[in-house]
Every structure is written in C-alpha cells, then in structure tokens.
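Here is a set of short exercises to work through with the model open on your screen. Try each task yourself before you read the solution.

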Amino acid sequence: MTPYLYTLTQLQQDITLHPEQWRPLVFTNGCFDLIHAGHVRYLQAAKALGRSLVVGLNSDLSVQRIKPQKPGQPPRPIVPEAQRAEVLASLKPVDGVVIFSQTTADDLIATLKPDIYVKGGDYTLETLPEAPIVQCYGGEVAFINIEVPSSTTALIQRILNG
C-alpha cells in the first residue's frame, strides 16, 4: 500500500491527531483515469489553497456508474483504481488519497470536513452535488479554471481516431 493511500478511517484519525500537519485541509475528488497536464496543474492550484491536499478517488465501480460505456468507446476506467491511486499519491501536491465507491464525495466530505472543497471551473455552486454539505458545516467551495483544455474522454477519442 502506498504511504499516502488511506482508508477514510485512517485519514480521519490522522487529521484529528495531527491537525497542524493537515489544516487548512483542501479536498477534491474525481476519476483521474489518464493523468494529464490539466490534472497536474489543477492539483497544484488546489494545493496552493491550503496546507494539505487530499484527493477522493472514484473506485472502478463508481467510475463505471458515472461514465457508462458508449458505443465504440472502451469501458471506463481505463486504468484500475489501485494504479490510479498510486499515480495520484506520487504527485508532489497530493498529501493523501482515499478511494470511495459512491458517485458523489458527500460521505468523505461529511467525515473529513475539509476547510476548502475544490472542483474544476466547469462546475458552479448550482451544479456541484457536494456544495450543500460543504456549506452546511461552514466550509468553502472554490473553483479552479482548468488551464489545459484536456480530458480523458478527449484523449481516448484521439487514440481511437488515430
């Protein structure tokens, strides 16, 4: 197990025991299927908002629910969750990764109560399903504009189109 890969219980305990190492805590979540420069810049910008950055990583099952297979497309995720977690945990801005199986990060957010919840600028408070839970305990929601207009879906399409 990668040193920065946590169960939710382990992470909650570590944050509780060592808040000076974690807070202000920044949290984001996603599939992070094929890591690209847009992901890296997004994570760097997110980390800059606090002391530590935790990434909630959608499990293989939750990715399959969020991104069902389309005709002519490979099933998602392309990369298995253990490998996605290992790559994420090895990135400099990332202080911890926790895999979750729900389609939203509500449970992780309710448990960890991050000081700042970050998502890409393609979301708004109205379209972000986790926004109400963050606002409920007084956390901040921040949006980061993606500097590199790239996506895993677009990368897959480019590969398929050769």
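The exercises below concern a predicted model, and each one is followed by a worked solution.

**Exercise 1. The sheet**

Task: Work out the order of the six strands in the open sheet, and find which strands lie at the edges.

Solution:
- Step 1. Reading across the open sheet, the order is β1-β4-β3-β2-β5-β6, and the pairing is parallel.
- Step 2. An edge strand pairs on one side only, and this is the case for β1 (5-6) and β6 (140-144).
- Step 3. Now look at one end of the sheet: β5 (residues 116-120) runs parallel to β6 and is joined to it by five bridges. To find your place there, start from Ile-116, which stands opposite Glu-140 in β6.
- Step 4. Add a helix to the picture. Helix α3 (residues 37-47) lies across β2 (25-30), β3 (52-58), β5 and β6, and it runs at about 135° to β3.

**Exercise 2. The aromatic pairs**

Task: The structure holds two aromatic pairs. Classify each one and say which elements it connects.

Solution:
- Step 1. Choose the quantities to compare: a pair of aromatic rings is described by the distance of the centres and the angle of the planes.
- Step 2. Take Tyr-6 and Trp-22. Their centres are 5.9 Å apart with 75° between the planes, and planes over 60 degrees apart count as edge-to-face, so this pair is edge-to-face.
- Step 3. Locate the partners: Tyr-6 sits in strand β1 and Trp-22 in helix α2 (residues 19-22), so the pair links distant parts of the chain, 16 residues apart. Both Tyr-6 and Trp-22 are buried.
- Step 4. Turn to Phe-27 and Tyr-117. Here the ring centres are 5.9 Å apart and the planes meet at 25°, so the pair is stacked.
- Step 5. Because Phe-27 belongs to strand β2 and Tyr-117 to strand β5, this pair ties together parts that are 90 residues apart in sequence. Phe-27 and Tyr-117 are buried as well.

**Exercise 3. A lysine in strand β5**

Task: Lys-119 is in strand β5. Is Lys-119 buried or exposed, and which residues does it touch?

Solution:
- Step 1. Lys-119 is buried.
- Step 2. Check for a salt bridge. The nearest side chain of opposite charge, Glu-130, is 5.7 Å away, and Lys-119 has no salt bridge.
- Step 3. List the neighbours. Leaving out residues up to four places away in sequence, Lys-119 touches Thr-28, Asn-29, Tyr-42, Leu-128, Ala-142, Phe-143 and Ile-144.

**Exercise 4. Backbone exceptions**

Task: Most residues other than glycine have a negative phi, and most peptide bonds are trans. Find some places in this model that depart from those habits.

Solution:
- Step 1. Begin with the peptide bonds. Arg-23 and Pro-24 are joined by a cis peptide bond, with omega about 5°, and Pro-24 is in the loop between α2 and β2.
- Step 2. Another cis peptide bond joins Arg-76 and Pro-77, with omega about 0°. Pro-77 is in the loop between α4 (60-66) and α5 (81-90).
- Step 3. Move on to phi. Phe-32, in the loop between β2 and α3, has a positive phi near 45°. Phe-32 is buried, with a relative accessible area of 6%.
- Step 4. Lys-113 also has a positive phi, near 45°, and is in the loop between α6 (106-112) and β5. With a relative accessible area of 42%, Lys-113 is partly exposed.

Technical notes
Residues numbered from 1 in each chain as written. Predicted model: local features only at pLDDT ≥ 70, side-chain atom pairs only at ≥ 80, totals over all residues. Heavy atoms only, no water. Pairing = 2+ DSSP bridges. Helix = DSSP H or I, 4+ residues; strand = E, 2+ residues; numbered from the N terminus. Contact = heavy atoms within 4.5 Å. Axes fitted to C-alpha atoms, helices over the stretch in contact; angles between N-to-C directions. Phe/Tyr/Trp six-rings, centres within 6.5 Å; stacked < 30°, edge-to-face > 60°. Buried < 20%, exposed > 50% of the residue type's maximum accessible area, 1.4 Å probe, protein only. Lys, Arg positive; Asp, Glu negative; His and termini not counted. Salt bridge = Lys/Arg side-chain N within 4 Å of Asp/Glu carboxyl O.
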